[in-house]
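Colleague: I am new to reading structures, and I would like a close look at one part of this one. Please pick a residue in the middle of things and take me outward from there, step by step.

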Amino acid sequence: MAQGSIPSVFIDGESGTTGLQIVERLQGRSDLALRSLPPEHRKDPAAKRDLFAEVDLVILCLPDAAAKEATAVAAGLGARAPRLLDASTAHRVDPDWVYGVPELAPGQAARIAAAPRVANPGCYPTGGILLLRPLVEAGLLPPDYPVTVNAVSGYSGGGKAMIAAYEEAGAPAFELYGLGLEHKHLPELQHYSALTRRPIFVPSVGDFRQGMLVSAPLHLDLLNGRPSPAALEAALASYYAGQEFVRVVPAEPGGKLEPEALNNTDLVELRVYGSEARGQAVLVARLDNLGKGASGAAVQNMNLMLGLEAANRMERAA
């Protein structure tokens, strides 16, 4: 980026769900130049390579195989290579990429800001990792605890085919999926939660467009020191003190929580429901799967990578 100029960004895959959301969030911003290819050249490798060489940052909103191909194109440019922010699953546990959850650990935001390549997180792992990592770091949750993560998402998280199925009234009101226990988000969920035992992950989708709940039940007598639900909440609150987009909030007395309250924001709310008498707790994260779970996270990471985070706040909450 030339001194005094504004950074330039190209979204490779801007017509997909995440790409469209990112474009919407960036429109009207005067602190960056959003570049694009004409529709007739979007599948032209030479045109794409030329544009890669002209911009400061490329956001990859592509299937995994195409994201790897685009990464190779960028690498072939040598000193002219742009920085990359990959929204696919392809590089999330690759040690050569920085994981794009700024709240993951102290110094993570700085690592993202300095990284040539950042892997945007998955929507489900964002909730699970934010719940579990602090408890492992605090020594409360043993890394080999048999964790189960249950989650429900709006259908917009499933891509064009799922969106079409639900909006054309051809899909069920609710369904579990990923029951082969090989969901593509499992590697990052385990790795960045600092778990040594592979968790069980049970995702589901409901007949609502966006919104997400991610939950993890715990037996308190199997945790180190047998902490109370209040102690778990305190550990989360301490870990995220001062964070703008991750909020630890008290659990509602009624014991109910719906998934859509944070839609069109970039916030995550973390709660601890529990019964000290029963020795049980349930950790719950609520977020917008299109916000902090996808395009909102991408814009947060982009702002950090381009040094724009101070001038452009992500939060859209009223």
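Modeller: Let's begin with a word we will need: a residue is called buried when its relative accessible area is under 20%, and exposed when that value is over 50%. Keep in mind, too, that this is a predicted model.

Our starting point is glycine 127, which sits in helix H5. With a relative accessible area of 0%, glycine 127 is buried. So what does it touch, once residues up to four places away in sequence are set aside? Its contacts are Val214, Ala285 and Leu287. There is also a distance you can find in the picture: the C-alpha atom of glycine 127 is 9.7 Å from that of valine 149, and 22 residues along the chain separate the two.

Valine 149 leads us to a strand. In E9, its bridge partner is phenylalanine 201. This is one place in the pairing of E7 with strand E9 (residues 200-206), which is parallel and has seven bridges. E7 also pairs with E10, this time antiparallel and with four bridges. Here serine 153 faces methionine 212 of E10. Is E7 itself enclosed or open? E7 is largely enclosed by the rest of the structure, because five of its seven residues are buried.

Now let's widen the view to the nonpolar core. In soluble globular proteins, nonpolar side chains tend to be buried together. The largest such core in this model has 41 residues, and the members touching the most others are Leu135, Leu141 and Leu232. At least two residues each come from helix H5 (123-137), strand E7 (148-154), H7, strand E10 (212-219), helix H8 (229-239), strand E12 (268-275) and strand E13 (280-287). Which of these gives the largest share? The answer takes us back to where we began: H5, with eight residues. A separate core of 20 residues lies apart from this one, and Leu26, Val118, Val299 and Leu304 are among its members.

Leucine 141, one of the best-connected members of the largest core, is worth a pause. Leaving out residues up to four places away, its contacts are Leu132, Leu135, Val136, Val147, Leu195, Leu218, Leu223 and Asn224.

Two of the strands that feed this core, E12 and E13, also carry charged residues. Side chains of opposite charge can pair when their charged atoms come close. Arginine 286 and glutamate 269 do this, forming a salt bridge whose closest N and O atoms are 3.0 Å apart. Arginine 286 belongs to strand E13 and glutamate 269 to strand E12, so this pair links parts of the chain that are distant, 17 residues apart. Arginine 286 and glutamate 269 are both buried.

A second salt bridge joins glutamate 252 to arginine 271, again with closest N and O atoms 3.0 Å apart. Glutamate 252 is in the loop between strand E11 (246-248) and E12, while arginine 271 is in strand E12, so parts 19 residues apart in sequence are tied together. The two ends of this pair have their own settings: glutamate 252 is partly exposed, at 28% relative accessibility, and arginine 271 is buried, at 5%. Which residues make up the network of salt bridges here? They are Glu252, Glu258, Glu269, Arg271 and Arg286.

Finally, let's step out to the surface. Leucine 179 lies in the loop between strand E8 (174-176) and helix H7 (186-193), and H7 is one of the elements supplying at least two residues to the largest core. Leucine 179 itself is exposed, because its relative accessible area is 55%. Together with Phe174 and Leu176, Leu179 makes a nonpolar surface patch of about 320 Å².

To retrace the walk in the picture, start from glycine 127 in H5, cross to E7 with its partners E9 and E10, and then follow the salt-bridge network that includes Arg271 and Arg286.

Notes
Residues are numbered from 1 along each chain as its sequence is written. This is a predicted model: local features need pLDDT of at least 70, side-chain atom pairs count only at pLDDT 80 or more; totals for chains, interfaces and linings use all residues. Side-chain values use heavy atoms; hydrogens and water are left out. Patches are made of residues with over 30% relative accessible area and no salt bridge: like charges are joined within 9 Å, nonpolar side chains (Val, Leu, Ile, Met, Phe, Trp, Tyr) within 5 Å. Accessible areas come from the Shrake-Rupley method with a 1.4 Å probe; for residues, only the protein chains shown count as cover. A salt bridge is a side-chain nitrogen of Lys or Arg within 4 Å of a carboxyl oxygen of Asp or Glu. Buried means under 20% relative accessible area, exposed over 50%, partly exposed in between (1.4 Å probe, protein chains only). A nonpolar core is a set of buried Ala, Val, Leu, Ile, Met, Phe, Trp, Tyr and Cys residues joined through side-chain atoms within 4.5 Å. Contact means heavy atoms within 4.5 Å. Two strands pair if DSSP finds at least two bridges between them.
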